[in-house]
Every structure is written in C-alpha cells, then in structure tokens.
2 protein chains.
Amino acid sequence: MWSLFLLFLLSLLSYLFTDELIPKLDHLFINAGMFGIDLCKANKNKIPEAVGVISGCVFLITCFMFIPIVFGYDLMDREHFPHNEFAELLAALLSICCMLLLGFADDVLDLRWRYKLLLPTIASLPLLVVYYVNFNSTTFVIPIPLRHWLGTSIDIGFLYYIYMGMLAVFCTNAINILAGINGLEVGQSVVIALSIVIFNIIEISGDQHKAHTFSLHILIPYLATTLALLKHNWYPSKVFVGDTFCYVSGMTFAVVGILSHFSKTVLLFFLPQIINFVYSVPQLFHFIPCPRHRLPKYSAETDLLYPSRTIIVKKDMLFISKLTIKFASLFRLVDITEDSESIMMNNMTLINLFLIKCGPMSEVRLTISLLIFQACCSCIAFLIRYPMASYFYDK
Amino acid sequence: MWSLFLLFLLSLLSYLFTDELIPKLDHLFINAGMFGIDLCKANKNKIPEAVGVISGCVFLITCFMFIPIVFGYDLMDREHFPHNEFAELLAALLSICCMLLLGFADDVLDLRWRYKLLLPTIASLPLLVVYYVNFNSTTFVIPIPLRHWLGTSIDIGFLYYIYMGMLAVFCTNAINILAGINGLEVGQSVVIALSIVIFNIIEISGDQHKAHTFSLHILIPYLATTLALLKHNWYPSKVFVGDTFCYVSGMTFAVVGILSHFSKTVLLFFLPQIINFVYSVPQLFHFIPCPRHRLPKYSAETDLLYPSRTIIVKKDMLFISKLTIKFASLFRLVDITEDSESIMMNNMTLINLFLIKCGPMSEVRLTISLLIFQACCSCIAFLIRYPMASYFYDK
C-alpha cells in the first residue's frame, strides 16, 4: 500500500513537472514548423501541435523511476524476484514507448492511413509475447444463456491474439477519430482512465489483486501527466495534442486491459468511441464522401459551432450509399437537405450528431456535453459490469 | 545455433526492407521541413535529415519479431521459461526504443545541450534496474601490477551504476561529435558493431556463452539495418542520418556492453571516438571558441576539403586557453597562424587533424581514411584485449 502512496506522490510531481514543461517547450514546436491553426476560433494564432509527446515522455520517465519503488521490496530478496511481473511491466512500457515514437513520427511525417493501422499492431508485439509467456489463457467464458449451445467456456486459441492485436488498433484509432474540438481527446481519455481506476479500486481487494495493482501503477502516472496536458489543451487551447497523444492513450488502455485481464471491461468504457466509430463507418469506408476534416463549422458571428456537411452527388450514389442514407434518416440520425442533383448531409461523427440533436452551441459547451455523455456511458458500463453481469456470468 | 541462422535470415530481410523503405519515405521528411543542405557539396539540393529513424524502427521491429524465435524453444516449457533473460531483452529494447524516440524528438525540436546529456541517462534507467536485479555485480577486477595495493578486486557499489549511466551518455555523444562528412557516423558504427560481433564469435564457445549470444541477437539486426542506411548515406549522401542514428547506435553498444559484461571491451573499440573527444575538450568546454559547425571547409574549385578554422582574439584569451594552445602546438596537434591581434587555429576535431596531417583531400577519401583508422584501432583493441591482457589479468 505504501508503494501506491509513493506512486501518488511521484505522480503529483510529474503533474507539476509536465505543467511547467509544456509552456517552456512550446516555442520549439512552432520553430520546428509543428503548429496548426484552430479552425474553430476567430483568431489565427499558431498553436503548437503534437505536444502530447511531452506528457507521454514524462509519463514514461515517471514509470521508469517508479520501477525501483514497485519492486523495492522484492529487490531485497533477489532469489525470489518476480521476474515474470517485471517482464510484464517492461513489455507494457515498451509497447507504450513504441506507440509514442510511432505516433510522434506520424505527427511529424504525416503517414498514410495504412500505417496508422499497422503501427499499433507492431507496437503490441512485445505485449502479446509476454502475454503468451505469462498467461496464454485464450479462453472466453460463455454467458449463461448461451451455455446450452456453446459450453461454459470456449478456447479460441490463436484468434485470441488477433483479438488483442485488434484491441490495440481499435483503442488507438477510436480516440483519434472522436476529436477535433478543444479538450475532447484529452478529456475523454481522462474520463476513461478515471473509470478504469475506479474499477481497479473496487476490485483491488479481490482475488485479482495483483492485476489491478499493476493497472494502477500504469494509470496513475498516466492520469497525472494527462491532467497537466488537459490544463493547456482545454478551451481555448494553447497547445494541440496530436496523434501522439491519442496513440499513447489508446495503447495505455489496451495494455492494462490485456495484461490485467479485463479487456472486455475496458471496451465497455469505450462506449461513446464505439458509437462514434459505428456511426462513422459509412464515411470511413467511403460509402458517403468523406472530406479531410469532419469537425464542426465555426461561425465567427455567433461564436457557435454548427454541424459540418458533406455533399453527395445523386448520380454518383452507390446502392449502399442509398441504403445508408435511408437507414440513417429512418432513425433520425442525420440531418438531410436535398435538391434535384445532390444531397447535403451532416458529416457522420458523434460531435455533429450532438449539434443536430441539441442545436448549435459554443465549443466549450459542446466539449463538456460530450464529456458528460462519456461519464454517463461509464456509469452504464458499471451497471453492465456489476448488477447485470450476474445474470450472464456466475460470480 | 539454428536460432542464429534464422536471425541471420530475418536480418537479411530487414536489410532489404530498410533499403526499399528509405527512398520511398524520404519525400515525407522533406515535406515536413526536415532536410539539410550538404555543406561539402557544390550543389544545394535538399537532403532529408534524421532518416536514422527509419533504420532504427526497422531494427526494433526485427528484434520484436525475433523474440518468439529466440525464446521459441523455451516457450514449449512455460514452467521453466527464463523470465530473467526475457526481461533483459525487453529492458535492452526499451532503452533503445527510448533513445530512438528522444533522438528523433531532438532532431525535430532541436533540444539544448543539457537535454542531450540528460536523455541517454533517462533512457538507460530500465537497463540499470534489470542489471541490478539480474546481476548486481559491481566489482572491478584489479590489474595484476596493482593488486599489491588494491587487492584482487574492488567493489565500487553504487558508483558502478553511475559508471554504466555515464557509459550510455558517452557512447551516444561520442559518435555524435565524430561526424559531419558523408558516411562517417554510419561507417564508424558499422566498424564498431563488426568488431563487437567478431569479439562475440571468438568468445561464444566460452563460459560466457549466453551473454555473447545475447549480444549477437541485438547486433546482427542492428548491423543489417545500419548497412542499408549506409548505402544511402555513403558519399554522395542521398539522406542524412541525424542525431537519431547516433543516439540509437551509442545506446545499442552501451546496452550490449552492460548486459553482456564487456563494457570495458566496448570502450576499447571506441578508441578513435575517445581520441576525438579528448582532442575536442578545449572547444567543448569553450576554452577555445567553438563555432556552431566544426566540419571541414569545402572548396568548390578543387572539390577538396580543407581544415576549418576558429579565431581566438588574443586579448580575450584565458590562461587555460594559452596553456591549451602551447601544449597542442608542442605536440604538433594544431595548425596555427598568428597576427598581432588574433590567433587562427584549426577546429579541434579528429577530422580536421587528419586534414592537417595528410593535406587536403576529397570527402570520400577522408571518410575512407577515418574508417581505416577506426578499423586499425579495433585491431589494436584486440591486441590489448588478448595478448596484452594476460599480463594484467589472469585468464
């Protein structure tokens, strides 16, 4: 327990350090040409981009410095040192470090989409190997209603590793596509991290004590550095976080989910990201034209955000496009205006959906609304995980 | 043994892959504004900078993919899996990955000198922890002639960890300052890596079998990717390698030296770098004025390189500057021209020293000369390590 206390103290220092470092280094990013213009503001200031690399590095360094503390007690007795747990922590940090590197390279070099899918797969390799060595449990427990047909559990073998690799790819990209307004990427990551931390604290006295402690060891420094980043990224943003941050966050959640064996619970906390992903599918797979940016449209006159739109030329429409539009309008998920030649439809992101349902609003209100939605989804996730799970699984 | 064969095959593939990837990605670097002009050429083409990040990433990926092969046999028998060796490999890769990240960040953001010293120290933390856990042998064996006074060995305890941290700092920066002409950074790294590989092969049947196999597991993929980089970096360079490459190389050598317990032998292979460092000290510590670039001066007329010079104003001279100049000219280590107010002296680098001693020469000849010197120093290192060491140490 004292190690968690020390971790808390160390994380507090890393919060202060990150908070200090970001404004000190931001001119380096601008000098290096790594800056963007905030499209949702009237002013055209240069805002440093990819600053997530700073919080990511401090996060890693904090974890490094924490190694001797976590294993301090074990170090006294080198004969029985838990090499397997140590290897687990190293593999976790290696995957996160890799993702930080690849994310930063992506921000600097602007890699193609196919690399974005490839990179997290590569970065999760050390993780999968350590999973194979330390656990190699590839069984899914079957929910009670289905056991009649499938048995109590099913061993999916190699497919489980594919699942874990895909989890890393999903987590990293899911955060990346629910983004575009000040503070949203970082804010949602904070809510998810907090949800997992609460889950860990609930479970820490149970039989999976070690797994949940491991998760806390990674998530507490993550939260500390991310909160410092949020302070500078909150509306009006003084820094942008870049793909770097989304990659590191996604990988961190995937890592704790995989190595602490609660990947399905982690996915529950990703509910808004899953909704956003499913809603985005028609544009991501180009059934519906997808512009480079899908973020809401800013009006300097009203200082409000409005849903952004895409134009579909009627004669270019595929069957699947028609089907998508019909289906989406049936459930009132899109806002459509039509003329003889083309259809104007909102870009299919959760952010635009909020603007359609609740009307135009200011950027900061939109961010807060989305974060409240994320928090509500976490509550639903806890409901599913606890009261409802007992109907499906025996405790 | 079959695992070394497979490693060789995999490394061959990674050579081909790196060789293919570098020209494909180089426009990304130029688009991102990461390019330089070759100061030793008449043309002013934009040459991509920090391309070492590509070979570094492929090197890491090769090592990841190699993990299941190295531990393949052990994976059958999970009960007796060598978790400590696995942790060692992970820590090594983590340190290298960190260095790759920090090196690339340095290239992009152009960090200050103090960070350059700090970063390798941070990146070597996981390494030191794994060393503490797995070995914690902090004894130096005393050479025979000194044993009368000091005993057979001396345990320097905590200082040994300082020594290892400093080794990482030294290795990374030593390569970085012996640089500036096409192919030199990469060429010297290849010579050093080859020397260590030869040393490993000589020793592999001895009692340190495991340590030397470990070193080969890291150095063979390193060599493969570095050779591919050398192909594109050789005169006339189509890419520059950046600090990224120097950092990764230095860290790789430090890692194998530390974890395979032959750090003193690694230092022997750094003889030219040590000479260059000692020779550079007066300028690095600013006893003698140090311009931003110390690389040789190119003359487009003759297509030859000449020693570059620094100007020392006589009335600004400190006592230690006078002492340095007197000492250096006594041993004919500098080329000095003097007038009533100032002294013109060559910049104190090994590259300029070569040009003073051998006269102006073409860039490619200068690189080859320096690499031959590096190879000769490796031969001397082997002489010191083998025939001479028996006078100082009992085998």
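# Sheet, interface and salt bridge in a predicted model

Guide: In this predicted model, chain B holds an open sheet of 3 strands, in the order S7-S9-S8 and with antiparallel pairing.

Visitor: What makes strand S7 and strand S8 of chain B stand at the edges?

Guide: Strand S7 (309-313) and strand S8 (336-338) of chain B each have a single partner strand, so one side of each is left without a neighbour in the sheet. Neighbouring strands of this sheet are turned by 20° against each other on average, with direction ignored.

Visitor: Why are S7(B) and S9(B) said to pair?

Guide: The rule asks for at least two bridges between two strands, and S7(B) and strand S9 (residues 342-346) of chain B have 5 bridges in the antiparallel sense, so the two strands count as paired. As one example, B:Val313 has B:Ser342 in S9(B) as its bridge partner.

Visitor: Turning to the two chains, how do you know that chain B and chain A are in contact?

Guide: Contact requires heavy atoms within 4.5 Å, and 45 residues of chain B are in contact with 45 residues of chain A. The area buried between the two chains is about 3900 Å², and carbon and sulfur atoms give 86% of that area. B:Phe64, B:Leu101 and B:Leu109 supply 16% of the area that chain B buries against chain A, which is more than any other three residues.

Visitor: Which helices of chain B supply at least two residues each to the side that touches chain A?

Guide: Helix H1 (2-31), helix H2 (52-70), helix H4 (83-109), helix H5 (113-123) and helix H6 (125-134) of chain B each do so, and H4(B) gives the most, with 17 residues. By class, this side of chain B has 39 nonpolar, 4 polar and 2 charged residues. Between chain B and chain A the count is 0 salt bridges, and it is likewise 0 for residue pairs in polar contact, where both residues must be at pLDDT 80 or more.

Visitor: Why is the pair A:Lys41 and A:Glu363 called a salt bridge?

Guide: The rule takes a side-chain nitrogen of Lys or Arg within 4 Å of a carboxyl oxygen of Asp or Glu; the side chains of A:Lys41 and A:Glu363 meet at 2.6 Å, N to O, so the pair satisfies the rule. The pair links distant parts of the chain, 322 residues apart, with A:Lys41 in the loop between strand S1 (35-37) and strand S2 (46-48) of chain A and A:Glu363 in helix H16 (residues 363-392) of chain A. Over all chains, the count by this rule comes to 17 salt bridges.

Notes
Residues are numbered from 1 along each chain as its sequence is written. Chains are lettered from A and ligands numbered from 1 in the order in which they are written. This is a predicted model: local features need pLDDT of at least 70, side-chain atom pairs count only at pLDDT 80 or more; totals for chains, interfaces and linings use all residues. Side-chain values use heavy atoms; hydrogens and water are left out. Buried area is the accessible area (1.4 Å probe) that two parts lose on being put together, summed over both. A polar contact is a pair of N or O atoms within 3.5 Å; within protein, one must be able to donate a hydrogen and the other to accept it, and residues adjacent in sequence count only if both atoms are side-chain atoms. Helices (H or I, at least four residues) and strands (E, at least two) are DSSP runs, numbered from the N terminus. Ala, Val, Leu, Ile, Met, Phe, Trp, Tyr, Cys and Pro count as nonpolar, Asp, Glu, Lys and Arg as charged, and the others, Gly among them, as polar. Axes are lines fitted to C-alpha atoms, for helices over the stretch in contact, and angles run from 0 to 180 degrees between N-to-C directions.
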